[in-house]
Amino acid sequence: MANPTTSLPLYERVARKNTIARAIELSILSLLLSLLAYRILSFQDHGFGWLLAFLCESWFAFIWVLTVSSKWNQVVYETYPQRVLQRKLELPPVDMFVTTADPVLEPPILTVNTVLSLLALDYPADKLACYVSDDGGSPLTFYSLVEASKFAKLRVPFCKKYSIPVRAPFRYFSGDSMSSQDTSPQFQQDWKKMKDEYEQLSQKIEDAAKGSIPCELIGEFADFMNIQRRNHASIVKVIWENKEAGDANGVVPHLVYISREKRPKHPHHFKAGAMNILTRVSGVMTNAPFMLNVDCDMYVNNPQIVLHALCLLLGVKSDKDCAFVQFPQHFYDGLKDDPYGSQWAVLHEVRMNLS
Ligand SMILES: O=c1ccn([C@@H]2O[C@H](COP(=O)(O)OP(=O)(O)O[C@H]3O[C@H](CO)[C@@H](O)[C@H](O)[C@H]3O)[C@@H](O)[C@H]2O)c(=O)[nH]1
Ligand SMILES: [Mn+2]
């Protein structure tokens, strides 16, 4: 007999009720059609201007029909992450990719936060691996990641122990995260320790950027000696290898640094080229069947992101039905009330009901 927990669907496709919206669209359509019919019936009484108006209105009606048809049948995918977790033994490994290109335009503390938000995801740590592609070939980025991996050994258990909702430290500590969560003295003590450790990490990275910290090109850093950004051999460094099996609280996923080979005569194809190399290197090291991609100027704001994606990727009847899951993006530090609509609030929150 099938196990009842594994036979439950991982997601459901729920149709949204939009009867009123449909009635409004149908009335607009009938008005548009009447207008076009009126233009056709009274052609002979008017001149060229009338014909031009008819052509413009027909084009408008066509575009309008296309737009309306795209939102006619609205559905929401309800995902059930807990059901994925119940299949613990069968959970697939996931390789996580971060691309960064320039330590000045994309300061390493950003990349560090992206990476930390990934290392602390709610998913068995022994099934995750994080690969960072650095097109800047920068020892500063490498140094920052080495320091971040040390901090992760404190940060990951803290996030999992207290189910911290925001896993990127800069975002977490910029809000009112202490009072809003747990009032126990143990939490407050751990929170303060974590904040101090994060501040020390940021300070170290800042000092290294000013050149005042031991980011000398010796030892692990020797590979960065005399390299030119657009002309160098590949550098691949395993910053942290997780040798522990299972998902105990303190386990931190693998972290690998890659700066791909670049030669002036060979086009590098920007992010696409970086992603290509990430799939090749990870293919040799962990070769997970699923990959997650986050740019270095983003962070994961939902720790269950992998579980939500797997609900869809594993829950479909045939592999051909779903190959790719895209999460909506939210932007921090936007203008008050979002006057330029950059958050796409109407699309994400009203039409797709995603937030
Ligand atoms: O030579 C390069 C150039 C860029 N990147 C990385 O690619 C990502 C996207 O580049 P960015 O300049 O930040 O582009 P955006 O316009 O902010 O990004 C949007 O648009 C890109 C395509 O235009 C998509 O690839 C991104 O996922 C999407 O967020 C970043 O992580 C960069 O570090 C590289 O790794 N190598
Ligand atoms: Mn960007």
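In the predicted model, helix α5, which spans residues 108–119, and helix α6, which spans residues 139–161, have axes that come within 9 Å and cross at roughly 35°. In general, a pair of packed helices is described by two quantities, namely the angle between the axes and the distance between them. The crossing in which α5 passes α6 is right-handed. On the side of α5, the contact is formed by P108, V112, V115, L116 and L119, while α6 contributes L140, T141, S144, L145, A148, F151, A152 and V156. When the residues of this contact of α5 with α6 are sorted by character, 11 are nonpolar and 2 are polar, and no charged residue is found among them.

A second region of interest is the site of ligand 1, which is surrounded by 13 residues, the closest being T99, E106, D135, K271 and D295. The shell around ligand 1 is mixed in character, since its residues divide into 5 nonpolar, 3 polar and 5 charged.

Individual atom pairs can also be described for this site. A nitrogen atom of ligand 1 is placed 2.6 Å from an N or O atom in the side chain of D135, and an oxygen atom of the ligand lies 3.0 Å from a polar side-chain atom of D295. With A101, by contrast, the backbone is involved, as one of its polar backbone atoms is 3.3 Å from an oxygen atom of ligand 1. Taken on its own, ligand 1 has 680 Å² of accessible area, of which the protein covers 55%.

With regard to secondary structure, the elements that each give two or more residues to the shell around ligand 1 are strand β3, residues 94–100, and helix α9, residues 270–285. The largest share of this shell comes from α9, which supplies 3 residues.

Definitions and conventions. Residues are numbered from 1 along each chain as its sequence is written. Chains are lettered from A and ligands numbered from 1 in the order in which they are written. This is a predicted model: local features need pLDDT of at least 70, side-chain atom pairs count only at pLDDT 80 or more; totals for chains, interfaces and linings use all residues. Side-chain values use heavy atoms; hydrogens and water are left out. A residue is near a molecule or strand if one of its heavy atoms lies within 4 Å of it. A polar contact is a pair of N or O atoms within 3.5 Å; within protein, one must be able to donate a hydrogen and the other to accept it, and residues adjacent in sequence count only if both atoms are side-chain atoms. Accessible areas come from the Shrake-Rupley method with a 1.4 Å probe; for residues, only the protein chains shown count as cover. Helices (H or I, at least four residues) and strands (E, at least two) are DSSP runs, numbered from the N terminus. Ala, Val, Leu, Ile, Met, Phe, Trp, Tyr, Cys and Pro count as nonpolar, Asp, Glu, Lys and Arg as charged, and the others, Gly among them, as polar. Axes are lines fitted to C-alpha atoms, for helices over the stretch in contact, and angles run from 0 to 180 degrees between N-to-C directions. A crossing is left-handed if the near helix is turned anticlockwise from the far one by less than a right angle, and right-handed if clockwise. Contact means heavy atoms within 4.5 Å.
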